[in-house]
Structures are given as structure tokens and as C-alpha cells.
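Me: I'm new to this structure and would like a close look at one part of it. Could you pick a serine, tell me how it sits, and then walk me through some other spots?

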Amino acid sequence: MSLSDAAVPLIVAGVMVYGLCHGCDVYAVFLQGAKRGLKTVLSIFPAMLAILTALAMVRASGAVDVLAHGLEPLVSPLGIPAECIPLALLRPFSGSGALSIGSDIIQHCGPDSPAGLIAAVMLGSSETSLYCIALYSAAVGIKNTRWAVWAALAGDLAAFLAAAWSVRLFLL
């Protein structure tokens with residue numbers, strides 16, 4: 001057994017021993033945390049359901065492909081391949097959807113192709129920002145996100161452009 005295999009059990013055991021040594025009822029605290037976790041799940045579930053339903057509807061309708069085709073003349077001079085546009089459109093909303101698109105790009109274009117390399121870097125350098133904002137604001141009851149959405153989208157755009165430029169600069 002390697003150290004990495006034993007890391008999680010050792011950390012859990014260490015926390016339990018520490019709590020017991022300091023007179024803490026570890027089991028009661030665990031149950032309290034589990035109750036809070038369930039309350040959090042119940043508070044974010046409606047937002048999660050709405051996002052996932054809307055995302056499935058948009059992907060099934062073909063709107064992503066239509067939008068990607070319309071954006072192609074705008075983003076191709078920036079170095080983003082046409083195959084990567086759907087990835088850039090879905091990444092802020094869904095990590096699994098973006099991973100599926102990234103996998104398709106790598107499968108169809110090849111892992112060493114410009115589109116495959118850029119898709120891989122895009123997946124690693126960006127975040128499901130709108131998904132996170134929706135869940136966290138729903139969990140704490142924030143109704144007005146102010147500039148958080150625009151800042152997150154600007155960050156995602158910067159990540160996508162930097163991914164395309166850095167792949168072209170360093171790998172191609």
C-alpha cells in the first residue's frame with residue numbers, strides 16, 4: 001500500500017483522534033455536519049435542476065451548433081478553431097457537457113491536432129463559472145449577483161483566448 005492510498009484514511013483517523021483528545025464528541029459533530037450538508041443540497045437543488053434542464057434543452061435543440069456557426073467568422077481570426085466554439089459556449093454552464101464536447105473534438109480531430117490541443121487546454125484553464133455562481137448564490141440566498149456574472153464571463157473569455165494563443169505559441 002502506497003502513501004497516496006493511505007492518505008485519506010490517515011487524515012480521517014487523525015481528525016478523529018484530534019477531536020477525541022480535545023474532548024469533542026466527534027460523532028455528534030459529524031451528524032451536525034451531515035444535517036447542514038442535506039440542508040445545503042435542498043437549497044441548491046432547484047437551481048441545479050433548472051440549469052441542467054435548460055442546458056439539455058439548448059443542446060438538444062441544436063442552438064449551440066447554430067450559434068457556433070454564426071460565431072465562427074468572429075473567433076477564427078482570434079485563433080480559436082471552429083471545432084472549439086461549442087466547447088467555449090458550454091464550458092461556463094456544464095463541466096460534463098464541455099468534457100463530452102472536448103472528448104468528441106479529440107476523437108474526431110486527433111489529440112495532437114491544433115483543435116485537440118486547444119480543447120484540452122481550454123478544459124483545463126477554464127471553470128464552470130455560471131454554474132458555480134448559480135449554485136453558490138442559491139445556497140446563500142443571493143438574488144442579485146451584480147458584476148459576478150460579467151466578471152466570470154470575462155475570465156472565461158480570457159481563458160479561452162489564452163488557451164488558443166498559448167497552444168499556438170508553445171506547441172504548434
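**A close look at Ser137**

Reply: Let's start with Ser137, which is buried, its relative accessible area being 11%. That value falls under the 20% cut-off, so Ser137 counts as buried. Keep in mind that this is a predicted model. To find the residue, look along helix α7, which covers residues 129-140. The side chain of Ser137 has a partner there: it reaches the backbone oxygen of Ile133 at 2.7 Å. If you leave out residues up to four places away in sequence, Ser137 touches Ile142 and Thr145.

Now step back to the loop between α6 and α7, where you'll find Thr128. Thr128 is buried too, with 8% relative accessibility. What does Thr128 touch, not counting residues up to four places away in sequence? The answer is Arg91, Pro92, Ser94 and Gly95.

Another loop worth a visit joins α5 (95-109) and α6 (114-125), and Gly110 lies in it. With a relative accessible area of 17%, Gly110 is buried as well. Its contacts, once neighbours within four places in sequence are set aside, are Ile105 and Gly116.

How about the cysteines? Searching the whole structure turns up 0 disulfides. Take Cys84: the nearest cysteine sulfur belongs to Cys109 and is 7.5 Å away, and Cys84 is in no disulfide. A disulfide needs the two sulfur atoms within 2.5 Å, so that pair doesn't qualify. Cys84 is also buried, at 0% relative accessibility. Cys132, on the other hand, is partly exposed, at 22% relative accessibility. Partly exposed begins where buried ends, and buried means under 20%, so the value for Cys132 puts it in the in-between class.

Last stop: the segment after α8 (148-170), where Leu172 is found. Is Leu172 buried or partly exposed? Partly exposed, with a relative accessible area of 48%. Exposed would take over 50%, which is why Leu172 stays in the in-between class. Leu172 also helps make a nonpolar surface patch of about 490 Å², along with Leu169, Phe170 and Leu171.

So, back to where we began: Ser137 is buried, sits in helix α7, and has its side chain 2.7 Å from the backbone oxygen of Ile133.

How values were computed:
Residues numbered from 1 in each chain as written. Predicted model: local features only at pLDDT ≥ 70, side-chain atom pairs only at ≥ 80, totals over all residues. Heavy atoms only, no water. Helix = DSSP H or I, 4+ residues; strand = E, 2+ residues; numbered from the N terminus. Buried < 20%, exposed > 50% of the residue type's maximum accessible area, 1.4 Å probe, protein only. Contact = heavy atoms within 4.5 Å. Patch = residues over 30% accessible without salt bridge, like charges linked within 9 Å, V, L, I, M, F, W, Y side chains within 5 Å. Areas by Shrake-Rupley, 256 points an atom, 1.4 Å probe, with all protein chains shown as cover. Salt bridge = Lys/Arg side-chain N within 4 Å of Asp/Glu carboxyl O. Polar contact = N/O pair within 3.5 Å; in protein donor to acceptor, adjacent residues only side chain to side chain.
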